[in-house]
Amino acid sequence: MNIRGLYKTSLVDYPEKITSTIFLGGCNLRCSYCHNPDLALNSSVLEKIEENEVLDFLKKRKSLIDGVTISGGEPTIEKGLIPFLEKVKSLKLLIKIDTNGFLPHIISTCIEKELIDYAAVDIKTSPEKYPSLTGKNLSFDLILSTIDIIKSSKIDHEIRTTCVPGFVTVDDIKKIGESVGPVKKYYLQQFVNTNTLLNSEIEILTPYSIDYLHKLKDEAEKFSSFCSIRGI
């Protein structure tokens, strides 16, 4: 397992739960606004944490936490993900996974094996803007497959979008809704440019005003049962 980070206690990664958050290195996208490019693209420069060390930590801490959040990078590209989740599940812990949705068969396997309890799918922007924002020309249909798999399951889930100025507009939110259809929970996240981003040109963008974020929220509420803005 390419484990490159561990937050011992998080109150924000899994709604209404206390978790430990595990960060896996590597990603299949090259998002311009990625705020941890070393983790996503060059994880070998970061200290590696051995799987057994993490599992031992969780065993000692399982009475203090509700579960584990698996984040990245992109967790679903990790070859050892399924066996690792099975070991975590044996500790009777809840598991949330963060994903960009481009490997639906992995999410499907996780659900079939009852290895995840909550999934958060990042939708970066409208389908036509994906290549320019993510640096990859992958099929948006893969994300739709992941969302359909999750919707038809019993696990709790959310869709979320980071509101990168120019890349996520009211029209983009409308097109996302037209693509994904009705969703249970949709979170809009304020763009943050105070960290070193993958593309330094993105760092000069000014985050949206609260008023404009609420316009995005108004549009998202047309296809979501619940919508909220994070980071303001």
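Okay, so when I say helices and strands here, I'm talking about DSSP runs, with at least four residues for a helix and at least two for a strand, numbered from the N terminus. With that in hand: this is a predicted model, and its chain comes out at 8 helices and 8 strands.

Let's start with the overall build. There are 232 residues, and for that length a compact globule would have a radius of gyration near 17 Å; the chain has 17 Å, so the two agree. If you lay the C-alpha trace along its principal axes, you get about 45 × 40 × 30 Å.

What about the inside? Buried residues come to 53% of the 232. And if you take contacts with a separation of 6 or more, 73% of them join residues that sit 24 or more positions apart.

Now the outside. The chain exposes about 11,000 Å², and 49% of that is supplied by carbon and sulfur atoms. For charges, we have 29 positive and 31 negative side chains, with the centres of the two sets 4 Å apart.

Let me zoom in on one residue, Lys17. Where is Lys17? You'll find Lys17 in the loop between strand 1, residues 3-10, and strand 2, residues 19-24. Is Lys17 buried, exposed or partly exposed? Its relative accessible area is 30%, so Lys17 counts as partly exposed, since that class runs between 20% and 50%.

And who does Lys17 meet? Skipping neighbours within four places in sequence, Lys17 is in contact with Ser10, Leu11, Asp66 and Leu94. Then there's Val68: 51 residues from Lys17 in sequence, but 9.4 Å away in space, C-alpha to C-alpha.

Definitions and conventions: Residues numbered from 1 in each chain as written. Predicted model: local features only at pLDDT ≥ 70, side-chain atom pairs only at ≥ 80, totals over all residues. Heavy atoms only, no water. Rg over C-alpha atoms; globule rule 2.2 N^0.38 Å. Buried < 20%, exposed > 50% of the residue type's maximum accessible area, 1.4 Å probe, protein only. Contact = heavy atoms within 4.5 Å. Areas by Shrake-Rupley, 256 points an atom, 1.4 Å probe, with all protein chains shown as cover. Lys, Arg positive; Asp, Glu negative; His and termini not counted. Charge placed at Lys NZ, Arg CZ, Asp CG, Glu CD.
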